[in-house]
Amino acid sequence: MSTKPVIQPVSILRYAGRVDFGPDASTFTLENDGDESARAEVILDYKRCEGGLPVFIIDSASGPDSVDVAVVYSEGIEGIDHATGDGPFFLFSNAMDTYRSTTLNVRASSSTQTIRAVYAQRSQRYQKIVLSSPNSAVSFKRVGFEQVRPSYVTKSMFACSSPLLNQIWQDGVKTVDMCTVAKGETSSAWEVTQEGTIVRGQHWAPCRQGTRWADKRVHFQVQIENGGASWAVHMVANGLIFCLDAAERVLYACEGLSTESTIFPVAEKGRWPIGDLQLETWLDVETVTYGDTVTVSIQGRQLARVEGLDIRPILGGSANNTGSVAFGGPCQWVAMYRHLSVHDPADKALYENTLLLTDEQRTLADFQVGTNALACTIDGAKRDRACFGGDLYVMGQSIAHSSMAFEAVAGSIELLTSHQSSDGYLGNLCPIQAPVHDSTGEPPTYAFYSLSYALLLVAAIRDYWLQTGDEKTRSKCYESLEKLMAYVDQHISEGVVIAPPPLSMHWFPLGGPVFGASGALNNVYYEALQAMMVLANDSATKQKYQVRAHQLKAGILRHFYDPSTGIHHLDNSLPSNGICQDVKAHAMTLDLLPPHTDDIEHLTDPESGLPRAFRGLGHWDVANVASPYATGYAVEALFSRDRGAEAIKLIERVWGPMADTTSQNYSGGHWEAMKPDGTPHGHDTSLMHGWSTWPVSLMPRYLAGLQPIEPGWKFFSVAPVLSGLKNIKCVMETVAGTVGVELEIDEIDGHGALKVLAPYGIRARLQSPQGWIIQGPEVIEGTGVWQKFFLSEDSNDQDPSAEETEPKHLGSPESQSRTREGQESSLPSRIRSLLSRFSAIRA
């Protein structure tokens, strides 16, 4: 019997039909008579999102031999009333239950029985339990989620005079925990036995060896155990799926991610009756793809032919009508497979696997359905549970300021950078169950989402290097990063990067790729060049990347920036007055743009409830999305230009609705996307999403001012940005020891106190807030105890009241922008920006 803790519901949200309640929310009896329209059901509320293996302890069950109980899961309130919950999830991985609505088959018995789900449900607040069978009753003794692993210990703390900001930070820490995966945490999705491999209805998992296969003949044997058998060809994320339905006695085909529409549509390609085909035995299945045609034969009889196919892979940029063989299926289908072979038209073997126990490890690795060999970060807790370079850009910093689970950052770096094409394109998306790509052949195409995410991975590696000083990881991946930068250089035209559409996906996939030059892509290339200055060991290489960055900056300003409107364009083919929040904000943080009177309006969209990610950009506007990910860039832009008060207002405005514990959508975490009215963007939106955890790192880094200058925190800066908060305290565990800042300040009276904690022998540079003076040295040496310094307003600084008469804009004068370019190139942009603000005081 398992001794793992079980998380139980806190309360009953609502119920219907005949329900008898016990002493707590986990104990109840559901009873049905013969009226199928009045089924007994109960909705359990865990008050915040929890994850684990669903467990049901049943005291008794009466009725037919097997009583059906439907169970539905949802993070938010809207999803719990959908028949499929807030799922299903078909995009990238088998690291969770694909389906959010399933059925328990409860044996009629007066004895206690325990039912554990096969797959974990990784994040949900609500759980609906419905007694489906008429004339039956089931008494539940306990319901809950068995923990898969203990929560990570939070090794840092942040608190300030704003209870809302404190709540936002704590919720972000929980999100970080739920979007971090320990090594070996994921259970295998398939079961390999001596007779064959059991595949239950889940996400269609492609063979990683064949993501570029074109014409092919696929042969295998299958035995149906429940529902039917399902396989696919031309599959990476999407492809052509065949389903042999035993109940309906039909073979049907669908083009898409799955057999049911979710965020992408599904197109049925045909249905064929199977006649007198006997399904109770092992079946020989042959699927042949040639050009735009696919045929299926079972037991030597051709049953299906699909013509006129033109399947474009949504990942990797391979040719149409290419991809691998995959196995999966509709919910609760179970089939056993064996003796898989794939041959090209000349009968050359492309892949062979018995799918028997002797090939167990190879099967689990080739189809990415085993455990995760490395600790990793993932995009969302409930889905897609895949590792992305763009998400790591945020999550890596969030981990450094909370759990210090650096093994997950290092594991993500190792997994992604192992997938590099021969021409230099670096992997930036990977199922966490995929193995490290250690062969000399081309990596699977599923590893390539966008060039922007590959370049954000470079910046994430720089941040990891500064946080940890991990020379082994830096040196291991440095050659791959150099190769990536050379690959990007091949796409330089007219002073900017112009990449083909398959490389130009934005973080918002529903917007599609950018055609032509992309402002977002060029921003991240600029940051990657700066990151390479930090990661390079020799001055000549640092200088090489500095020169490239200087040239790129000129090209970016010329190509994307309109000085009259202050608009920094995502794509010059879009309306010239359109605003992309993250593109403008990122460019500001990188010191690419001069100040403009409309900067605040562009970042905060004050006329909307929440700031919209896209405004006036044609089809990009259709989703009407407010993005915490895009807003994170805007918050950092405000902080980086000493607009602390505006920055925390933006945090409170966007993350505040998520932190409302009275809301039925409160998840205890940070959401993937929102509507401008402050609600989740849709019933299937992830409400525990790693890329939205910006406040976990931004508040310590800017409000407390704690940032490493040298790798491994051997030398760090304390450069707080004032925001109107009266007090701030941040204590962080680092690889060098405990560092901390306590700031108490009265901005009205013009005085305050700063306390700094640094480990013995570790130096810290004290940098006064703009317009203030720290009464103390510029650099202190740590003693292992708190050191206190007084602050006062700089009487020589410009009168704030006079400043208010000037037009509202962000940033320092152009002369300061030029000064920034002359700062020490070995430091990252954000630190150089901080240092430059206090050059006058230091002089």
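Buried here means under 20% relative accessible area, exposed means over 50%, and partly exposed is anything in between, using a 1.4 Å probe and protein chains only. The model is predicted, so local features need pLDDT of at least 70 and side-chain atom pairs count only at pLDDT 80 or more, while totals for chains, interfaces and linings use all residues. Residues are numbered from 1 along each chain as its sequence is written, and side-chain values use heavy atoms, with hydrogens and water left out.

His602 is a handy place to start. At 5% relative accessibility it counts as buried, and it sits in helix H10, residues 599–604. Helices (H or I, at least four residues) and strands (E, at least two) are DSSP runs, numbered from the N terminus. With contact taken as heavy atoms within 4.5 Å, and neighbours within four places in sequence set aside, His602 touches Thr565, Gly566, Ile567, Ile579, Lys584 and Arg615. In the loop between H10 and strand S34 (614–615) comes Asp605, a residue other than glycine with a positive phi near 45°. Asp605 is buried too, at a relative accessible area of 1%.

A second non-glycine residue with positive phi is Gln299, at about 55°. Gln299 belongs to the loop between strand S21 (293–298) and strand S22 (301–306), and with 37% relative accessibility it counts as partly exposed. The backbone also has cis peptide bonds. One joins Gly87 and Pro88, with omega about 0°, and Pro88 lies in the loop between strand S5 (41–74) and strand S6 (101–109). Another links Arg383 to Asp384, with omega about 5°; Asp384 is in the loop between strand S26 (376–377) and strand S27 (386–388).

Now to the interior. A nonpolar core is a set of buried Ala, Val, Leu, Ile, Met, Phe, Trp, Tyr and Cys residues joined through side-chain atoms within 4.5 Å. The largest one has 183 residues, and Leu451, Leu455, Phe639 and Leu706 make the most contacts inside it. Helix H5 (residues 451–468) supplies the largest share of this core, 13 residues. Another core, of 45 residues, lies apart from it and includes Ala189, Trp272, Val285 and Leu303. In soluble globular proteins, nonpolar side chains tend to be buried together. Beyond four places in sequence, the contacts of Leu706 include His401, Trp713, Phe716, Cys730 and Val741.

Helix H13 (residues 694–703) is largely enclosed by the rest of the structure, because ten of its ten residues are buried. Among these buried residues are Trp694, Met699, Arg701 and Tyr702. Gly705, just after H13, takes a positive phi of about 80°.

UniProt, in an unreviewed entry, places the feature "domain: Alpha-L-rhamnosidase C-terminal" at residues 705–769; UniProt positions follow the numbering used here, feature names are shortened, and annotations may be inferred rather than shown by experiment. That span is 0% helix and 55% strand, and its end C-alpha atoms lie 9 Å apart.

As for the sheets, two strands pair if DSSP finds at least two bridges between them. One open sheet has four strands in the order S35-S36-S40-S42, with mixed pairing. Its edge strands, S35 (706–708) and S42 (779–781), each pair on one side only. Neighbouring strands of this sheet are turned by 25° against each other on average, direction ignored, where axes are lines fitted to C-alpha atoms (for helices, over the stretch in contact) and angles run from 0 to 180 degrees between N-to-C directions. Strands S36 (residues 715–718) and S40 (residues 763–766) run parallel and are joined by four bridges, with Phe716 partnered by Ala764 in S40.

The other open sheet described here has six strands, ordered S10-S37-S38-S39-S43-S41, and its pairing is antiparallel. Strands S10 (156–160) and S41 (772–775) stand at the edges with a single partner strand each, so one side of each has no neighbour in the sheet. The average turn between neighbouring strands is 15° in this sheet, direction ignored. Seven bridges hold S38 (residues 737–746) to S39 (residues 751–757) in antiparallel fashion, and Leu743 stands opposite Leu754 in S39.

Finally, the cysteines. The structure holds zero disulfides, a disulfide being a pair of cysteine sulfur atoms within 2.5 Å. For Cys331, the closest cysteine sulfur is in Cys243, 13 Å away and therefore too far for a bond. Cys331 is partly exposed, at a relative accessible area of 27%, whereas Cys580 is buried at 2%.
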